[in-house]
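This report walks through a single protein chain. Please look over the sequence and the structure first.

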Amino acid sequence: DQMYGILLVLQYKMKWYYFIFFFSSRRRHTRCSGVSWARRCVQETELRQSKSEIKIPEENREEEIQGHRRKSLKQCVETPNTDGSTFEAIQKKIQGNRIKRDLEMKLKVLVVDDTPFNLKTLGIKLKQLFKNIEIKTAFNGQEAVEIFRQEQQNNEPFSFILMDCNMPIMDGYEACQQIKQEIKLSGRMQIPIIAVTAFSGDFEKDKCLLNGFDEYLNKPFTSDVLKEAIVKVLNHNN
């Protein structure tokens, strides 16, 4: 009996991912089992920091799957399979790595709202979600555009913007359009802008997207919903 596996290397949105598939059998191997081989690779290769191992047992036995998970394998799928579960496992692993990276990366955000309480609440949620984040605030769209221009001139652009839609002097719709247009004319990378509004429904969501917003949040929303929206626009922008 021989142990065999597959090394799969994928490039996804300018990032490289390594997957090692170990195929196991109920037959006893003379040298080492699939699980032992997998654990040895984790310990002895340079892939330790970026590797992803997916164990594939040949027979659909829940007890065996749970046992492999307890032995530190990252993911376990059953074979044979025709439902795409292997590819779903790869996708989940990539997504999980990207979310972890996005939550730990250094971010700079502009929060725009005409209500001090909302600014404070959003600031608290953002600091709870992200370990290293710098927050600037504006009370209306005009202030937001001015702060945006200043940061662009200093070559310190925002990672994303949270923008209330209904504000005095200049509302969020006009501010979003103006910021997007100026970035387009400058030839720089676009900054994701998330609409924050108290109005709900498909009409309001479509209105936000048509005015250039990248994502839409209906107040009130939980920290998990906020995190999901931010990770989504950051990944899309990258």
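Is Tyr173 buried or exposed? Tyr173 is buried, because its relative accessible area is 7%. Here buried means under 20% relative accessible area, exposed means over 50%, and partly exposed lies in between (1.4 Å probe, protein chains only).

The model is predicted: local features need pLDDT of at least 70, side-chain atom pairs count only at pLDDT 80 or more, and totals for chains, interfaces and linings use all residues. Residues are numbered from 1 along each chain as its sequence is written, and side-chain values use heavy atoms, with hydrogens and water left out.

**Overview**

The protein chain holds eight helices and nine strands. These are DSSP runs, numbered from the N terminus: helices are H or I with at least four residues, strands are E with at least two. The chain has 238 residues, and 43% of them count as buried. It exposes about 14,300 Å², and carbon and sulfur atoms supply 49% of that. Accessible areas come from the Shrake-Rupley method with a 1.4 Å probe; for residues, only the protein chains shown count as cover. Take the contacts between residues at least 6 apart in sequence: 61% join residues at least 24 apart. Contact means heavy atoms within 4.5 Å.

**Nonpolar cores**

A nonpolar core is a set of buried Ala, Val, Leu, Ile, Met, Phe, Trp, Tyr and Cys residues joined through side-chain atoms within 4.5 Å. The largest one has 24 residues. Leu110, Val112, Ile161, Met163, Ile179 and Phe213 touch the most other members. Two or more residues come from each of β5 (107-112), α5 (141-153), β7 (160-164), α6 (172-186) and β8 (193-197). Helix α6 gives the most, with five residues.

Which residues does Ile179 contact, leaving aside its neighbours within four places in sequence? They are Val145, Phe148, Ile161, Met163 and Ile193. Apart from this core lies another, of 20 residues; Leu122, Leu217, Leu226 and Ala229 are among them.

**The aromatic pair**

A search of the whole structure turns up one aromatic pair. Tyr173 and Phe213 form it, edge-to-face, at 6.3 Å centre to centre and 85 degrees between the planes. Rings of Phe, Tyr and Trp (its six-membered ring) pair if their centres lie within 6.5 Å; planes under 30 degrees apart count as stacked, over 60 as edge-to-face and the rest as tilted. Tyr173 lies in helix α6 and Phe213 in the loop between α7 (202-210) and β9, so the pair ties together parts 40 residues apart in sequence. Phe213 counts as buried, at 4% relative accessibility.

**Salt bridges**

Side chains of opposite charge can pair when their charged atoms come close. A salt bridge is a side-chain nitrogen of Lys or Arg within 4 Å of a carboxyl oxygen of Asp or Glu. The whole structure has seven. The table shows some of them.

| Acid | Base | N to O distance |
|---|---|---|
| Glu156 | Lys108 | 3.5 Å |
| Asp113 | Lys219 | 3.6 Å |
| Glu215 | Lys232 | 3.0 Å |

Start with the salt bridge of Glu156 and Lys108. The pair links distant parts of the chain, 48 residues apart: Glu156 is in the loop between α5 and β7, Lys108 in strand β5. Glu156 is partly exposed at 44% relative accessibility, and Lys108 is buried at 8%.

Next come Asp113 and Lys219, joined by a salt bridge. They sit 106 residues apart, in distant parts of the chain: Asp113 in the loop between β5 and α4 (116-129), Lys219 in the loop between β9 (215-218) and α8 (223-237). Asp113 is buried, with a relative accessible area of 1%. Lys219 is partly exposed at 23%.

The third table row pairs Glu215 with Lys232. Glu215 lies in strand β9 and Lys232 in helix α8, so the pair ties together parts that are 17 residues apart in sequence. Glu215 counts as buried at 12% relative accessibility, and Lys232 as exposed at 53%. Salt bridges that share partners also join Lys108, Glu151 and Glu156 into one network.

**Two lysines**

Lys108 also lies over the face of Phe158, at 5.4 Å from the ring centre. The criterion is NZ of Lys or CZ of Arg within 6 Å of the ring centre and within 35 degrees of the ring normal.

Lys180 is in helix α6. Lys180 counts as buried, because its relative accessibility is 14%. Beyond its neighbours within four places in sequence, Lys180 contacts Gln190, Ile191, Pro192, Ile193, Gly212 and Asp214.
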